[in-house]
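Please open the structure in your viewer and keep the sequence panel beside it, since each stop on this tour begins with a selection. The stops go from a helix to strands, then to cysteines, and end with the whole chain.

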Amino acid sequence: MKVTEDLQCNGLSIVVDKEGFTYGSDAVLLANFARPRRGDSCLDLGAGTGILAILVNGKTGARFTAVEIQQAACQLMEESIALNGQGGDITVLHADIRKLGGLLPAGSFDGAVCNPPYFSGGTRSENPAVALCVHQDECGIYDVARCAGRLLKNGGRLWLCYPASRLAECFHAMVDSRLQPKRLRLIDGKNGPYLALMECVKGGKTGLIIERN
């Protein structure tokens, strides 16, 4: 069922499909964590509903190319962008982030945001759209790191979220693609930190600031 939701931010709204394409609180937390500058050229990798591009553009004025593999999600994004009057700032690209070599030039973006699929193994949703959004069988953290590492300028920044319990693999993936973790915010749940928000700099020096919510 397709509905339009008020994002409670600068008059922005988003069109979602409650049976397939929606978003979670982690995306909203990440949108508040990201710090691109007005006019920066940024990527939303695996954009889904476009929640990150829509919110971060509305908050900062950064421009986005929102890359999403599922055509139905791209159509919802286009509706939201038109509804918000963001057509001059957000471009939707229907593509696989693992196959952007001939579509986007290397080293051409100032920043990127990503809320990657977290889960591997286990029982997959019977809804293929939901399964692709949350399971990393098709696109994992190393794919995200390689894509951002190729497309960001030196000094460009990637903002992403990942389960706090799996930070080791996230750090390894980032450093392997020359993305140096520089800022980490841990989000607490009932039993301690459950989510990590991370800012990485391409070609950056070592040195990590750790924040708590």
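Begin by selecting the buried residues of helix α1 and showing their surroundings: in this predicted model, they pack against the helix α2 (51–60) and against β6 (109–114), β7 (152–163), β8 (179–189), β9 (192–202) and β10 (209–212). Helix α1 itself covers residues 25–33, and the ones to pick out as buried are D26, A27, L30, A31 and F33. If you turn the view to look down the axis of α1, these buried residues fall within an arc of 160°, so they line one face of the helix. The general background is that an α-helix has 3.6 residues a turn, so residues three or four places apart point the same way.

While α1 is still selected, single out D26, which lies in this helix. Is D26 buried or exposed? Its relative accessibility is 17%, and because the cut-off for a buried residue is under 20%, D26 counts as buried. For a sense of distance, you can draw a line from the C-alpha of D26 to that of A145, which spans 19 Å in space, while the two residues are 119 apart in sequence.

Next, select β6, one of the strands against which the buried residues of α1 pack. Of its 6 residues, 5 are buried, so β6 is largely enclosed by the rest of the structure. Strand β3, residues 41–45, runs parallel to β6 and is joined to it by 4 bridges, and within this pairing C42 has G111 of β6 as its bridge partner. Strand β7 also pairs with β6 in the parallel sense, here over 5 bridges, and F109 is the residue to display opposite L152 of β7.

Now move to the beginning of the chain and select β1, residues 2–6, together with β2, residues 13–17. The two strands run antiparallel and are joined by 5 bridges, with E5 standing opposite I14 of β2. The hairpin they form has 6 residues between the strands, and Q8 there takes a positive phi near 55°. How many of the 5 residues of β2 are buried? The count is 4, so β2 is largely enclosed by the rest of the structure.

For the cysteines, first note that the structure holds 0 disulfides. Select C9, which is in no disulfide, and then C42, whose sulfur is the nearest cysteine sulfur to that of C9 at a distance of 16 Å. C9 has a relative accessibility of 11% and therefore counts as buried. C74, with a relative accessibility of 3%, also counts as buried.

Finally, clear the selections and show the whole protein chain, whose secondary structure comes to 6 helices and 10 strands. Its radius of gyration is 16 Å, close to the 17 Å that the globule rule gives for 213 residues, so the chain is as compact as a globular protein of that length. Along the principal axes, the C-alpha trace spans about 45 × 40 × 35 Å. Colouring by accessibility would set apart the buried residues, which make up 52% of the 213 in the chain, while the exposed surface comes to about 9800 Å², with carbon and sulfur atoms supplying 50% of it. A contact map adds one further view: among contacts between residues at least 6 apart in sequence, 66% join residues at least 24 apart.

Notes. Residues are numbered from 1 along each chain as its sequence is written. This is a predicted model: local features need pLDDT of at least 70, side-chain atom pairs count only at pLDDT 80 or more; totals for chains, interfaces and linings use all residues. Side-chain values use heavy atoms; hydrogens and water are left out. Buried means under 20% relative accessible area, exposed over 50%, partly exposed in between (1.4 Å probe, protein chains only). Two strands pair if DSSP finds at least two bridges between them. The arc is that of the directions from the helix axis to the C-beta atoms. Contact means heavy atoms within 4.5 Å. The radius of gyration is taken over C-alpha atoms; the globule rule is 2.2 Å times the number of residues to the power 0.38. Accessible areas come from the Shrake-Rupley method with a 1.4 Å probe; for residues, only the protein chains shown count as cover. A disulfide is a pair of cysteine sulfur atoms within 2.5 Å.
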